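Colleague: Could you take a close look at one part of this model with me? I'd like to go through it slowly.

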Amino acid sequence: VMSSVLDLVDVTVVRGEKTLLDGVNWTVRDGERWVILGPNGAGKSTLLSIAAARLHPTRGMVDILDEILGAVDVFELRPRIGVSSAPLAGQIPHAETVANVVLTAAYGVTGRWREEYDDADVQRSAELLEAWGLGALRERTYGTLSEGERKRVLIARALMTDPELLLLDEPAAGLDVGGREKLVQRLDELARDEAAPATVMVTHHLEEVPDGFTHALLLREGAIVAAGPVAQVMTQKNLSHTFDMPLKLVRVADRYAAFAR
């Protein structure tokens, strides 16, 4: 059995009057590629914040990389988790070069000051830039990039520390069709790479789910509708319930789409 990278037992998150997550039980194992789907406000980002050790549950147990949340120094745990999200994107200085945006992740900082980087770090960042189609942009500043290029820089940065868990919060948000397809293609390649970390991606668009992803979790009003292998979870019935609307599920060339019916 593959070891678990993430284990949530009866996790509930309450904020004031609102229950954001409601008794969630979920396990992610090494080698798995999960997509979390659900409408806005379903609790997807809250679930990802817990997985990123950025939020503690109100009730329940969270085990991340064999460490119990609440009993571990999160600052030791966080470098083992790669995260790409809009809040992190907002912290990156627009004047920073693409090469430095990726490289500085080695020290968990945004912005390059006077850290010393060894040859292995420089080599790894160069390889990641190539892998994510950014090699030619290395000297460009982050602020001059297209939205699609920025998203790819953020994922390369999230992979820089060679994390054991990769978390992607709506990586294709705001992209046009071309940008989305380029990103999905690269996420698909990442998903099929056996050396890649266990991956969890949040989205509310079925079209953004790469074919190489192995598992899906459907979330509605903070509770799990279904979780497991993609083929079992992605059914018309499950999706209609998740999005609270009769949906027609369409499959085109190993990708999904849904329409009102």
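Is E164 buried, exposed or partly exposed, and what is its relative accessible area?

Modeller: Keep in mind that this is a predicted model. E164 comes out as partly exposed, with a relative accessible area of 34%. That puts E164 between the two cut-offs, because buried means under 20% and exposed means over 50%. Now look at what the E164 side chain does: E164 meets the side chain of R80 in a salt bridge, at 2.7 Å from N to O. The two ends come from distant parts of the chain, 84 residues apart: E164 sits in the loop between α6 (147–159) and β7 (165–169), while R80 sits in the loop between α2 (74–77) and β6 (81–84). R80 counts as partly exposed too, at 26% relative accessibility. As for the general idea, side chains of opposite charge can pair when their charged atoms come close.

The salt-bridge count comes to 11, so let's put a couple of others beside this pair. E181 and R180 also join up through their side chains, at 2.9 Å from N to O. Here E181 is partly exposed at 27%, and R180 is partly exposed at 21%. Then there's R251 with D211, where the closest N and O atoms are 4.0 Å apart. That pair also links distant parts of the chain: R251 is in strand β11 (residues 247–252), and D211 is in the loop between β8 (198–203) and β9 (215–220), 40 residues away. Through shared partners, salt bridges tie D188, R192, D211, R251 and D254 into one network.

Note on methods: Residues numbered from 1 in each chain as written. Predicted model: local features only at pLDDT ≥ 70, side-chain atom pairs only at ≥ 80, totals over all residues. Heavy atoms only, no water. Helix = DSSP H or I, 4+ residues; strand = E, 2+ residues; numbered from the N terminus. Buried < 20%, exposed > 50% of the residue type's maximum accessible area, 1.4 Å probe, protein only.
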